[in-house]
Amino acid sequence: MDHLDRLENKSVHILREAYSQLKNICMLWSIGKDSTVLLWLARKAFFGHVPIPLVHIDTNYKIPEMIEYRDKFALKWRLDMIYGQNTEALNKKQTFPDGNISRIDCCKKLKTEALRNTLSGAWPRYRINHQTGRYEVDSNTEPYTGVIVGVRADEEGSRSKERYFSPRDKNNDWDVGDQPPEFWNQYKTDFAPGTHIRIHPLLDWTELDIWEYIKRENIPVVSLYFDQGNGKRYRSLGCAPCTGTVESTAKNVDEIVEELKTGKFVNIAERSGRAQDKEDGGGLEELRKDGYM
Amino acid sequence: MQDTKNNNVNNNIHNENIDKEDMNIVIVGHVDHGKSTVIGRLLADTGSLPDGKLEQVKENCRRNSKPFEYAFLLDALKDEQAQGITIDSARCFFKTKKRDYIIIDAPGHIEFLKNMISGAARAEAALLVIDAHEGIQENSRRHGYMVSMLGVKQVAVLVNKMDLVNFDKKVYDDVIREYSEFLNKINVTPVFFIPISAVLGDNIAERSQKMHWYKGTTVLEALDQLENAKLSDDKPFRMPVQDVYKFTKDKDNRRIVAGTVETGVLKVGDEVVFYPSGKKTRVKSIEAFNKEKQEEVSAGTATGFTTTEQIYTRRGEIATIRGEQKPKVGTLINVKLFWLGKKPMETNKKYYLKIGTAKAEVVVTEITNVLDASNLSSEKKETVNRNDVAECIMKSLKPIAFDLSNELIETSRFVVIDDYEIVGGGIIVEALEDDYITSQLEDHLRLFMGNYKIDISRKGSFGLRVIFDIAVHADDGLATLEQIASRQNIPETLLDEIISSFIKDGLLEQHDDQISFKLSKLKSYDEISMGSILHLIHEKIRVVNDNFVEYGLNTMVEDCLAMNIANAFNEKLNEVIEAISLQDLIARYDEVKSNSGTMYFI
């Protein structure tokens, strides 16, 4: 059993625990490489099926290829695909690209608020209809109380403190100082009414693990990660206005793996291209406490 | 390795991966003895930090007029830096030529023992840090004990802050002598003792120039000399069943028993026995997604298999192989545990025990002895306080399957749940004869009926839930097969069968829309008794299942006694369930819902 097998087995075990023990769960799919690996692991866990709804928060500023890719695989893999959006902020132009608010506040509105209200069912959810291939307003407005998320411990400081099963209170607050113990494959899967839970099956994975697994399993990823001939590619995917490309000529998964192992990115953090992290010392941590994933 | 057309470069990458090992290391020790500094130093001195990180933290310190500390690298969270203590087990990734390490920084503060345990339980080795200047403290001992109880075999002791004691050999010798005596008592032999100064980097990655009297390894060298844990392939097969999957909706007819192999090896054709039920079948196939067909799976694999006969098994059972060592099945156990709960552990209070994937209600019948892990003194006490280690006897209300810690440690481990929280963990050291049928019958019955719980068969319970669900949603007019299945979590095939039989018996009818169901108008809710619903599914209703007779009974007398009790129970039960109507159930549901917001489970 090699390194990737070990990671895979643990993640699969966690996904099965979540599916068996928690009610009203969903999985966040950002279309990025991490949550796509997570989706693939769900197919592993459930033998080719994905019995858990996938939720995508569409900020309307996602790079168009991401949405095309999402819908293609939602239909191909018969995913229970759902998206949510902060239509009010978009209509009122309360966004950073419109020049009206800061990057962090834009993230709060288009991601954090949209996510919170989509999960709670307060705002409309759009669910794919596999007959027509179109999204329709979902009649189910029950809150999702368990959310499976593809965060990794190596991404930044606050994520390194996460549990595999991490409870949040009614306001989505995360009490970092008082987290449940986790040992011997036993996780906190009993919850008082009103508790929300985040499940993090990818906690032990690194960026390199993700790419090596994509390579081994031949997982299709969105082409934005590869250099299309102009010597630039995305290393981390987000909204078009706030996510920059990196200088790289990696054209396929093999070349990305090689670049991460020996090339210039060996010691450069993955999220260094994300502008919102830099606005204030604890940008991402602040966002995460409010419910940002 | 499905792609055979890999070019040379890729093959190299792949091989490297196979050869390279992983290891989880935990750093433990008393608060302020310098654990985070050791890690910060290891990361910094080996170039394992992202570019700019060190400069960024240094700059932050300069701006806030604080002296730079390596610990700040790890203590990335704001509130943590404010408090100056590690409050959780942060993970760092770290590489040497030999291995990829995950270093888990466990908090030393007594408040956070549960976090330290979460970190240490994942580790294959522990680095125990002791401050040379301050000497051995309470948590130096407690952590040593916990690490050994959690099953971490390799311990390296780092005597830190040697710079504060002038790199004096005598101070170092005194610390290791005293600490070795302690470790001896708990049967731990450390693999290394290393004098270090994490702040200055002495004996971390570089050999110290100030302690020429020390001839041993640096911390970095010591890490690479630790051994990786072997996977438990040579032990009896154990796989706690996580779930049984059938995705018929997607036209997949496989019925897959899923779980993670804890120990041993399972092969196609093996005869498997599930415990505690004792049901047997054979492995027809081993299933996986995007993987070549496998004939066997071994320890550590999250897998699934189909069986030749469609026997009914479920989450909580443990799959074993016939002919290999059997697990124990029983209701009375002698355990060793550590307590993490805010409230002390009490006797005669109900807790849940989670062992493998099984969850059982238990009571602690006796606290045999409570050990203070910080000084190893023990005494007889009525309660077990937070951070204490104790030996006690527990009684489960239903039979559980387990192994003993000295035979198969993996499946002897359990956690205790109270009020939704994991409040303790432990190992089962002995299975005791349970004579509850005779001397403790009354006690048992009180527990048994005190919670208004009866063990209804799965199908019976599904039948009740179907009727209940349709009644509760009657006003919406919508109760389709799919909705009932998802609301009540009932497999659709079984649901189909139950509903068909209810329609045949005239209890249900189809709505005009042909897809949803309603209760037939022949009877009002208070005329439909629970008994009548259950009787449509089972000819006879009995309060106890076969386990009642199967476990703990050895003699004819006991057998006859059990039969008489069982018969009396059954008579009473039939009276009671006839007296409860659907109306009662809904009234109770509304009451519970409005009081606590919780769903009422049948």
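Salt bridges are a good place to start in this predicted model, where the count comes to 43 over all chains. Side chains of opposite charge can pair when their charged atoms come close. One such pair is formed by A:Arg216 and A:Glu8, whose side chains meet with an N to O distance of 3.3 Å. A:Arg216 belongs to helix 6 (residues 207–217) of chain A and A:Glu8 to helix 1 (residues 3–21) of chain A, so this salt bridge ties together parts that are 208 residues apart in sequence. Both A:Arg216 and A:Glu8 are buried.

A second pair in chain A links A:Lys251 with A:Asp227, and here the closest N and O atoms are 3.7 Å apart. A:Lys251 sits in the loop between strand 10 (246–247) and helix 7 (253–262) of chain A, while A:Asp227 sits in the loop between helix 6 and strand 9 (232–233) of chain A; the pair therefore ties together parts that are 24 residues apart in sequence. The two partners can be told apart by their accessibility: A:Lys251 is partly exposed at 47% relative accessibility, whereas A:Asp227 is buried, with a relative accessible area of 5%.

Chain B offers an example as well, with B:Lys328 and B:Glu407 in a salt bridge whose closest N and O atoms are 3.5 Å apart. Because B:Lys328 lies in strand 15 (residues 328–339) of chain B and B:Glu407 in the loop between strand 21 (389–402) and strand 22 (413–418) of chain B, the pair ties together parts that are 79 residues apart in sequence. B:Lys328 counts as partly exposed at 28% relative accessibility, and B:Glu407 counts as partly exposed at 38%. Salt bridges that share partners also build a network, in which A:Asp2, A:Asp5, A:Glu8, A:Lys44, A:Arg216, A:Glu217 and B:Lys291 are joined.

Turning to the strands, chain A contains an open sheet of eight strands with mixed pairing, in the order 5-4-3-2-1-6-8-7. Strand 5 (134–137) and strand 7 (165–168) of chain A are its edge strands, each pairing on one side only. From one strand to the next, the twist averages 30°. Strand 7 of chain A runs antiparallel to strand 8 (residues 196–199) of chain A, and four bridges join them. A:Pro167 stands opposite A:Ile197, a residue of strand 8 of chain A. Helix 2 (residues 33–45) of chain A packs on the sheet, where it touches strand 1 (25–28), strand 2 (54–57) and strand 6 (146–148) of chain A; the direction of helix 2 makes about 135° with that of strand 1 of chain A.

The largest nonpolar core has 81 residues, of which A:Trp29, A:Val37, A:Ile148, A:Phe165 and A:Trp211 touch the most other members. Helix 2 of chain A gives the most to this core, with seven residues. Leaving aside residues up to four places away in sequence, A:Ile148 touches a set of residues including A:Leu15, A:Met27, A:Leu38, A:Ile52 and A:Ile199. Another core, of 80 residues, lies apart from the largest one and has B:Tyr101, B:Val155, B:Val159 and B:Leu223 among its members.

A last look goes to B:Thr306, found in strand 13 (residues 302–307) of chain B. B:Thr306 counts as buried, at 7% relative accessibility. The side chains of B:Thr306 and B:Ser285 are joined by a polar contact of 2.6 Å. Not counting residues up to four places away in sequence, B:Thr306 also touches others, among them B:Arg254, B:Ile256, B:Val283 and B:Glu287.

Notes: Residues numbered from 1 in each chain as written. Chains lettered and ligands numbered in written order. Predicted model: local features only at pLDDT ≥ 70, side-chain atom pairs only at ≥ 80, totals over all residues. Heavy atoms only, no water. Salt bridge = Lys/Arg side-chain N within 4 Å of Asp/Glu carboxyl O. Helix = DSSP H or I, 4+ residues; strand = E, 2+ residues; numbered from the N terminus. Buried < 20%, exposed > 50% of the residue type's maximum accessible area, 1.4 Å probe, protein only. Pairing = 2+ DSSP bridges. Axes fitted to C-alpha atoms, helices over the stretch in contact; angles between N-to-C directions. Contact = heavy atoms within 4.5 Å. Core = buried A, V, L, I, M, F, W, Y, C linked by side-chain atoms within 4.5 Å. Polar contact = N/O pair within 3.5 Å; in protein donor to acceptor, adjacent residues only side chain to side chain.
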